[in-house]
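Got your viewer open? Load the model, switch on a cartoon view, and keep the selection box handy.

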Amino acid sequence: MFTLRKKNKFYHQDRIAMRLAARSGLTYEYKLARRHRLSPIEALEDWDMLYPEDYKLFEE
């Protein structure tokens, strides 16, 4: 059979966060933190990948 996936409510933030993680070469670590159910911002903060000016990217 098949299973239904949950809608990713962080889709937009995930795309931004993946670019920021790639800038640091830490995409694997970012994905690992997301698998442990951290939000995109929490995952970046956990690995110290965010600069103060990066928070503006996540404002909607």
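Start with Leu57, and keep in mind throughout that this is a predicted model. Show the surface around that residue: Leu57 has a relative accessible area of 39%, which falls between the 20% cut-off for buried and the 50% cut-off for exposed, so Leu57 counts as partly exposed. You'll find Leu57 in the segment after helix 3, the helix that spans 40-46. Now show what Leu57 touches: beyond its neighbours within four places in sequence, Leu57 is in contact with Ile16 and Leu20. For a sense of scale, draw a distance from Leu57 to Leu32: the two are 25 residues apart along the chain, and their C-alpha atoms are separated by 22 Å.

**Zoom out**

Select the whole protein and colour by secondary structure. You should get three helices and zero strands, in the order α-α-α along the sequence. Along the principal axes, the C-alpha atoms fill a box of roughly 45 × 25 × 15 Å. Colour by accessibility next, and 27% of the 60 residues come up as buried. What share of the contacts with a separation of 6 or more comes from residues 24 or more positions apart? That share is 42%.

**The nonpolar core**

Next, select Ile16, Ala17, Leu20, Ala21, Tyr30, Ala33, Ala43, Leu44, Met49, Leu50 and Phe58, and show them as spheres. These 11 residues make up the largest nonpolar core. Helix 1 (11-24), helix 2 (27-35) and helix 3 each give two or more residues to this core. Which helix gives the most? Helix 1 does, with four residues. Both contacts listed above for Leu57 are worth a second look here: Ile16 and Leu20 touch Leu57, and Ile16 and Leu20 are also among the core residues.

Stay in the core and pick Ala43, which lies in helix 3. Is Ala43 buried or exposed? Its relative accessible area is 0%, so Ala43 is buried. Show the contacts of Ala43, leaving aside neighbours within four places in sequence, and you get Tyr30, Ala33, Arg34, Leu38 and Met49. Hop across to Ala33: with residues up to four places away set aside, Ala33 touches Leu38, Ala43 and Trp47. Before moving on, draw one more distance, from Ala43 to Lys56: these are 13 residues apart in sequence and 16 Å apart in space, C-alpha to C-alpha.

**Helix 1 against helix 2**

Hide everything but helix 1 and helix 2. Two packed helices are described by the angle between their axes and the distance between the axes. Here the angle is about 140 degrees, and the axes are 8 Å apart. An angle has to be over 145 to count as roughly antiparallel, so helix 1 and helix 2 are oblique to each other. To see the contact itself, select Asp14, Ala17, Met18, Ala21 and Ala22 on helix 1, together with Thr27, Tyr30, Lys31 and Arg34 on helix 2. Colour this contact by residue type, and the residues divide into five nonpolar, one polar and three charged.

Now for one of the charged residues, Asp14 in helix 1. At 13% relative accessibility, Asp14 is under the 20% cut-off, so Asp14 counts as buried. Turn on side chains and look towards Arg34: the side chains of Asp14 and Arg34 make a polar contact at 2.9 Å. Apart from its neighbours within four places in sequence, Asp14 is in contact with Asn8, Tyr30, Arg34 and Pro40.

**Around the loop**

Follow Arg34 to Ser39, which sits in the loop between helix 2 and helix 3. Ser39 touches Phe10 and Arg34, not counting residues up to four places away in sequence. With a relative accessible area of 17%, Ser39 is buried.

In that loop, select Arg37 as well. Arg37 is exposed, with a relative accessible area of 74%. Check its backbone too: Arg37 is not a glycine, yet its phi is positive, at about 65 degrees.

Last stop: Asp48, in the segment after helix 3. Asp48 is another non-glycine residue with a positive phi, near 55 degrees. At 71% relative accessibility, Asp48 counts as exposed.

Notes
Residues numbered from 1 in each chain as written. Predicted model: local features only at pLDDT ≥ 70, side-chain atom pairs only at ≥ 80, totals over all residues. Heavy atoms only, no water. Buried < 20%, exposed > 50% of the residue type's maximum accessible area, 1.4 Å probe, protein only. Contact = heavy atoms within 4.5 Å. Core = buried A, V, L, I, M, F, W, Y, C linked by side-chain atoms within 4.5 Å. Polar contact = N/O pair within 3.5 Å; in protein donor to acceptor, adjacent residues only side chain to side chain. Axes fitted to C-alpha atoms, helices over the stretch in contact; angles between N-to-C directions. Parallel < 35°, antiparallel > 145°, perpendicular 65-115°, else oblique. Nonpolar A, V, L, I, M, F, W, Y, C, P; charged D, E, K, R; others polar.
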